[in-house]
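Visitor: Please take me through the interior of this one, up close, and show me how it connects to the surface.

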Amino acid sequence: MLKKPNRLTHAKDFKKLGVFGRSVFGPFMTMRVMTINGIGPKVAFITSTKAMKRAVDRNRIKRRMRAIIAKEVTKIPKNLHVLFVIKPEALKSSTQELVAETTRLLGKIEEALKKPATLSPRARKIREKRKTTGQIRGA
């Protein structure tokens, strides 16, 4: 089980990661990474209802991923938020495949953070909305 200090729980953090995080893609999951000013790495998992219809399947894959990350959390740098968006292919994969893929994605964190920041289409919409309404803080 992933310890409480290492869990990402606030909705605003999920939103920031979804919009401004840097992506690393894999066959079973996509990892979104963002640097923060804080204590310890924080990790979260998302599974889509559209991709996995049954709640049993969504919860099962999240439990499997939490167990894997609990062992790998020491490999994540201290000042990061990490979001794993799990794909339906992960349900059919073995635990060894998931461990290998997670390790590979975690190894690419430094490379992902070096990439120049590009806004997602969603982030562009948010930025344009803020410009028109006069909200400047944030992005």
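Guide: Contact, the word I'll lean on throughout, means heavy atoms within 4.5 Å. We're in a predicted model, with residues numbered from 1 along each chain as its sequence is written, and side-chain values use heavy atoms, leaving out hydrogens and water. Local features need pLDDT of at least 70 and side-chain atom pairs pLDDT 80 or more, while totals for chains, interfaces and linings use all residues.

Let's start in strand 3, at residues 42-47 (strands are DSSP E runs of at least two residues and helices H or I runs of at least four, numbered from the N terminus). Both Lys42 and Thr47 sit in it, and they make a nice pair to look at. Thr47 counts as buried because its relative accessible area is 12%, whereas Lys42, at 24%, is partly exposed. For the record, buried is under 20% relative accessible area, exposed over 50% and partly exposed in between, with a 1.4 Å probe and protein chains only.

Now look at the company each one keeps, skipping neighbours within four places in sequence. Thr47 is in contact with Met52, Arg58, Ile61, Lys62 and Ile86. Lys42 has another set of partners: Pro5, Asn6, Arg7 and Leu8 from early in the numbering, then Leu80, His81 and Val82. Strand 4 covers 80-86, so to follow Lys42 further, hop over to His81, which is found in strand 4.

His81 is worth a stop. At 6% relative accessibility, it counts as buried. Beyond four places in sequence, it touches Lys42 again, plus Leu8, Asp13, Leu17, Arg32, Val33, Met34 and Ile36. Notice that Leu8 turns up in the contacts of Lys42 and in those of His81.

Two of those partners, Asp13 and Leu17, take us into helix 1 (residues 11-20), whose buried residues are Asp13, Leu17 and Val19. What lies over them? Strand 2 (29-35), strand 4 and helix 6 (121-133) are among the elements covering these buried residues. On the helix 6 side, you can pick out Lys15, Val19 and Phe20 of helix 1 meeting Arg122, Ala123 and Ile126. So Val19 is one to click on: buried in helix 1, and part of the meeting with helix 6.

Next, the nonpolar cores. A nonpolar core is a set of buried Ala, Val, Leu, Ile, Met, Phe, Trp, Tyr and Cys residues joined through side-chain atoms within 4.5 Å. The largest one has 25 residues, and those touching the most other members are Met31, Val43, Phe45, Phe84 and Leu98. Two or more residues apiece come from strand 2, strand 3, helix 2, strand 4, helix 4 and helix 5 (109-114). Zoom in on Met31: aside from neighbours within four places in sequence, its contacts are Arg22, Ser23 and Val24, then Val82, Leu83 and Phe84, and finally Leu105, Leu106 and Ile109. There's also a second, separate core, this one of 6 residues, including Leu8, Leu17, Met34 and Ile36. Those four names should ring a bell, since Leu8, Leu17, Met34 and Ile36 are also among the contacts of His81. Val82 makes another link to keep on screen: it is in contact with Lys42 and also with Met31.

Finally, let's head outwards. Lys125, found in helix 6, counts as exposed because its relative accessibility is 64%. Computed along the chain it's 44 residues from His81, and their C-alpha atoms are separated by 23 Å. Thr9, placed in the segment before helix 1, is another exposed residue, at 57% relative accessibility. Between the C-alpha atoms of Thr9 and Arg58 the separation is 18 Å, with their positions 49 residues apart along the chain. Arg58, remember, is one of the residues that Thr47 touches.

And back to where we began: Lys42 and Arg130 are 28 Å apart, C-alpha to C-alpha, and 88 residues apart in sequence. If you'd like one view to keep, centre it on His81, with Lys42 of strand 3 and Asp13 and Leu17 of helix 1 displayed as its contacts.
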